[in-house]
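Trainee: Could you take me through one part of this model up close? I'd like to hear about how two of the helices pack, and then about the pocket.

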Amino acid sequence: MRKGLEIGGIIAALVLVVFGIISIVLGIDGRDTVTTSLERENIVGTPDMTADAIAGEAKEAGLKNVDLPSCDVAEQPIDSGSRARCFASYMRIHALEATGGYTYAEMGRYEAKPNTPKSELAAGGGTEEEKFAVVDPETGEPAENGARNVWVTETALATALNTSYMADRLSAFGIVIGVALLLTGIGFGVLVMGGAVNNPDTVLRFLRSHKPHLSHRDAPDADA
């Protein structure tokens with residue numbers, strides 16, 4: 001039985017070590033993929049992507065109750081998950097500046113005619129009614145609300161950048177878990193090879209020595 005326990009312990013240790021190595025390799029490969037993909041896009045932060053600069057722009061644009069980014073990627077290449085997330089946060093402020101502080105849901109789908117009744121206008125401008133929309137001379141169809149399209153584009157790009165950040169964090173988590181599994185497997189293997197299974201009496205003796213003793217009051221009645 002001891003031999004079987006020893007063999008099982010060695011196998012378990014090897015499995016933990018293998019899983020740890022695989023997790024570390026996959027995590028490193030994931031981070032490399034994120035970095036490579038971002039570098040291919042050649043994204044560079046604009047000069048106003050600093051906390052002070054964006055705060056001045058937001059104030060000038062009249063933006064209120066908006067969470068401003070505190071990170072700094074001005075003139076820096078966007079080549080990591082953390083920088084991608086920072087860049088995305090600045091993109092949101094730029095989009096709000098372009099829309100007057102309104103989000104996608106607050107703007108109408110179409111560009112409204114000058115004399116459109118206020119009841120037919122969306123809070124952020126534009127209208128949902130085709131009959132009050134400006135007609136595109138090229139297509140003859142209602143003209144799209146340009147400000148709303150800006151928001152759609154910004155959201156799509158920001159989502160992609162935030163996904164890169166999430167992938168980068170998950171890769172880092174995989175590396176941490178891999179290291180934990182690797183160390184656990186090595187430690188378990190050392191215990192097995194060191195004879196912890198071959199001499200279980202030492203373990204049982206340790207457990208007995210730490211077993212809580214019953215007080216005289218709690219001891220079972222000998223006459224019971």
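Mentor: Sure, and one bit of vocabulary before we start: an angle under 35 degrees between helix directions counts as roughly parallel. Keep in mind that this is a predicted model. Now look at helix α2, residues 51-61, and helix α3, residues 81-99: they pack at an angle of about 20 degrees, and their axes are 10 Å apart. That angle is under the cut-off, so α2 and α3 are roughly parallel to each other. As for handedness, the α2 and α3 crossing is left-handed. Who does the touching? On the α2 side, the contact is made by A51, I54, E57, A58 and A61, while α3 brings Y90, I93, H94 and E97. Sort the residues of that contact by class and you get six nonpolar, one polar and two charged.

Now for the pocket. The largest pocket holds about 180 Å³ of space. Its lining consists of T33, V34, S37, L38, E41, I43, L157, A160, L161 and S164. Two helices, α1 (2-41) and α4 (146-193), each supply at least two residues of that lining. Of the contributors, α1 gives the most, with five residues. If you're thinking about the chemistry of the wall, the lining of the largest pocket breaks down into six nonpolar, three polar and one charged residues.

Conventions. Residues are numbered from 1 along each chain as its sequence is written. This is a predicted model: local features need pLDDT of at least 70, side-chain atom pairs count only at pLDDT 80 or more; totals for chains, interfaces and linings use all residues. Side-chain values use heavy atoms; hydrogens and water are left out. On a 1 Å grid over the protein atoms alone, a cavity is a set of points where a 1.4 Å probe fits but cannot get out, and a pocket is an open set with protein on both sides within 12 Å along at least five of seven lines; lining residues have an atom within 4 Å of a point. Grid points are joined across faces, edges and corners, and a volume is the space filled by probe spheres set on the points. Helices (H or I, at least four residues) and strands (E, at least two) are DSSP runs, numbered from the N terminus. Ala, Val, Leu, Ile, Met, Phe, Trp, Tyr, Cys and Pro count as nonpolar, Asp, Glu, Lys and Arg as charged, and the others, Gly among them, as polar. Axes are lines fitted to C-alpha atoms, for helices over the stretch in contact, and angles run from 0 to 180 degrees between N-to-C directions. Angles under 35 degrees count as roughly parallel, over 145 as roughly antiparallel, 65 to 115 as roughly perpendicular and the rest as oblique. A crossing is left-handed if the near helix is turned anticlockwise from the far one by less than a right angle, and right-handed if clockwise. Contact means heavy atoms within 4.5 Å.
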